[in-house]
Structures are given as structure tokens and as C-alpha cells.
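Please find below my notes on this entry, set out as numbered points. They deal with charged pairs, two loop residues and one helix pair.

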Amino acid sequence: MHYALCTVKDYALCTMNIITKHLSHFISLLSIKICNFASMKRAIVIGASSGIGREVARLLICDGWSVGLGARRTDKLEQLREESVSKASDAQKIEIGAIDVNSSNATEGLQRLIEKTGGMDLYFHSSGVGWMNPELDEQKELKTVETNALGFTRMIDAAFQYMSKNRGGHIVIISSVAGTKGLGPAPAYSATKAFQNKYIESLEQLAATRHLNIRFTDIRPGFVATDLLNGGE
């Protein structure tokens, strides 16, 4: 299990520029590992419409990966693709899929996106919601559990099943330091991030037991200046 803690001692809030430096190094390491067993570099990024997911997708494209972009807001994905086409080689694919992780047909959408991208060596899960909710608004708490636990499980399981049948791969998730120690104003968010931490840890054990060539990385950022802090998604 690989953990990456994106924290900055002197700041309460990390800027995207700081996170980009961490992610660029991480993607360089990913490229080396993927090339050890795959002839192509093909990634699926779920939650690619904003925040860390968008930045990861942009960096992967710049690094020569074929990337499938998945999110609810396809207009944001189209914008990212238009911005990235000039930086991509002729061999690279930049595909788009409308995927809502809370929908019962989300896994079918993932499969279609994988096929359009030409396969999947890397699954990057950056889809999530969260609110500071000291009043314990029921709708916010339940929406957080639905997306960060149920939707997360739906998508991660589908990625695991695909890789178990296709020579393996690498599953990466964006969780949070909130999963290691709960935040009082954000109970559901903290609890669902702890769920993600343990779920990935368990899947790593399962992959080892089944002798599957699947690697896992759990990235646990601190507070980052993204849309998640501004509006919950």
C-alpha cells in the first residue's frame, strides 16, 4: 500500500500549484511502473471535471497517456479536451464519458469509456462530495455517504474486476487526512474517507491473496483550494 500525504506545514490551505508539484512527481513514477508491464499508457480519471481530478487528467495527457475523462459535467470535460488536444500526440486518445457514480448504470458507462480509450492500465478515482456540516443537515450527510461510500464502492469494484481479468493495473484514489482523524464539523465526510482508506487496504490484501498484479495508492490530501471546499462537490 502506498500513501501520499499532501500537506504543507505553514499553510492551512494548499493551493493547486503546490498539489501539482506533488502530482507531477507521482505521475512520473506511475509512468515508469506502468511501462514495466504495459505497452501503452491508458488511464481513466473519474471526477475529471474539476479540482484534483482535472489536474491529474491534464498532467497525464501532458505525460503522453491516453486518457478517458469521466464526470457528470461533460461540458467541463469537453473544455479540458479542447485545451489538451494541442499537447497530445496523434497516438493519444482523449475520450469523454458522462458518468454519475451514484447511478445504477455507472459501471456500464465506465466499461464504455474503457473501450473507447483502448483499455485501462490506471484507474484514478477523484469523485467525491463533502461539506462542513456542524448542524448535521440530513441531506448533506446522506449525500456524502451515498457518493463517497456507495458510489465509491461501485466504481472501485468495477475497476478491480476489470484489472483482475486484464493483466492487472494500478488503482489510485483521492481520500483525505480526514480519514485518519475525524473532523468535528464534517462527520460524514470524515467517516466516508476512513471507509475509503480501509476499503483500498482490504482490496490490496485480496489482490495479493489471488496473486493479481494490481497496485493501489491512497492519496490523502489536507485542505486544498478546490470546488469541494467552495460548494461541496
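The points that follow concern a predicted model.

1. Salt bridges overall. A search of the whole structure returns eight salt bridges. Three of these pairs are taken up in points 2 to 4, including Glu146 with Lys143, Glu201 with Lys198 and Arg220 with Asp218.

2. Glu146 and Lys143. These two side chains form a salt bridge, with an N to O distance of 3.9 Å. The cut-off for such a pair is 4 Å, so the 3.9 Å distance falls within it. Both residues belong to helix α5, which covers residues 138–165, and they sit three residues apart, about one turn of the helix. Glu146 has a relative accessible area of 31% and is partly exposed. Lys143, at 32%, is likewise classed as partly exposed.

3. Glu201 and Lys198. A salt bridge joins these side chains at 3.6 Å, N to O. Helix α6 spans residues 187–209, and the two residues are three positions apart in it, which means a separation of about one helical turn. Which of the partners is exposed, and which partly exposed? Lys198 reaches 52% relative accessibility and therefore counts as exposed, the cut-off being over 50%. Glu201 has 26% and is partly exposed.

4. Arg220 and Asp218. Here the closest N and O atoms of the salt bridge are 3.0 Å apart. Is this pair buried or exposed? Arg220 has a relative accessibility of 12% and is buried. Asp218 has 0% and is also buried. Buried means under 20%, so both residues qualify.

5. Ser176. This residue is located in the loop between β6 (169–174) and α6. With a relative accessible area of 7%, Ser176 is buried. A polar atom of the Ser176 side chain lies 2.9 Å from the backbone nitrogen of Ala178. Beyond its neighbours within four places in sequence, Ser176 has contacts with Tyr189, Lys193, Asn197, Ile219, Arg220 and Pro221. One of these, Arg220, is the salt-bridge partner of Asp218 discussed in point 4.

6. Helices α5 and α6. How do the axes of these helices run relative to each other? They come within 9 Å and cross at roughly 15°. Angles under 35 degrees count as roughly parallel, so α5 and α6 are placed in that class. The crossing is right-handed. On the α5 side, the residues that meet α6 include Val145, Ala149, Phe152, Ile156 and Phe160. On the α6 side, they include Tyr189, Phe195, Tyr199, Ile200 and Leu203. Tyr189 and Lys193, both on the α6 side of this interface, are also among the residues touched by Ser176.

7. Asn102. The residue is placed in the loop between β4 (94–98) and α4 (106–117). Its relative accessibility of 18% makes Asn102 buried. Which residues does Asn102 touch, leaving out those up to four places away in sequence? They are Lys143, Glu146, Thr147, Gly151 and Arg154. Both members of the salt bridge in point 2, Glu146 and Lys143, thus appear among the contacts of Asn102.

8. Asn102 and Thr147. The two residues are 45 apart along the chain, and their C-alpha atoms are separated by 6.1 Å. Their side chains are joined by a polar contact of 2.9 Å.

How values were computed: Residues are numbered from 1 along each chain as its sequence is written. This is a predicted model: local features need pLDDT of at least 70, side-chain atom pairs count only at pLDDT 80 or more; totals for chains, interfaces and linings use all residues. Side-chain values use heavy atoms; hydrogens and water are left out. Helices (H or I, at least four residues) and strands (E, at least two) are DSSP runs, numbered from the N terminus. Buried means under 20% relative accessible area, exposed over 50%, partly exposed in between (1.4 Å probe, protein chains only). A polar contact is a pair of N or O atoms within 3.5 Å; within protein, one must be able to donate a hydrogen and the other to accept it, and residues adjacent in sequence count only if both atoms are side-chain atoms. Contact means heavy atoms within 4.5 Å. Axes are lines fitted to C-alpha atoms, for helices over the stretch in contact, and angles run from 0 to 180 degrees between N-to-C directions. Angles under 35 degrees count as roughly parallel, over 145 as roughly antiparallel, 65 to 115 as roughly perpendicular and the rest as oblique. A crossing is left-handed if the near helix is turned anticlockwise from the far one by less than a right angle, and right-handed if clockwise.
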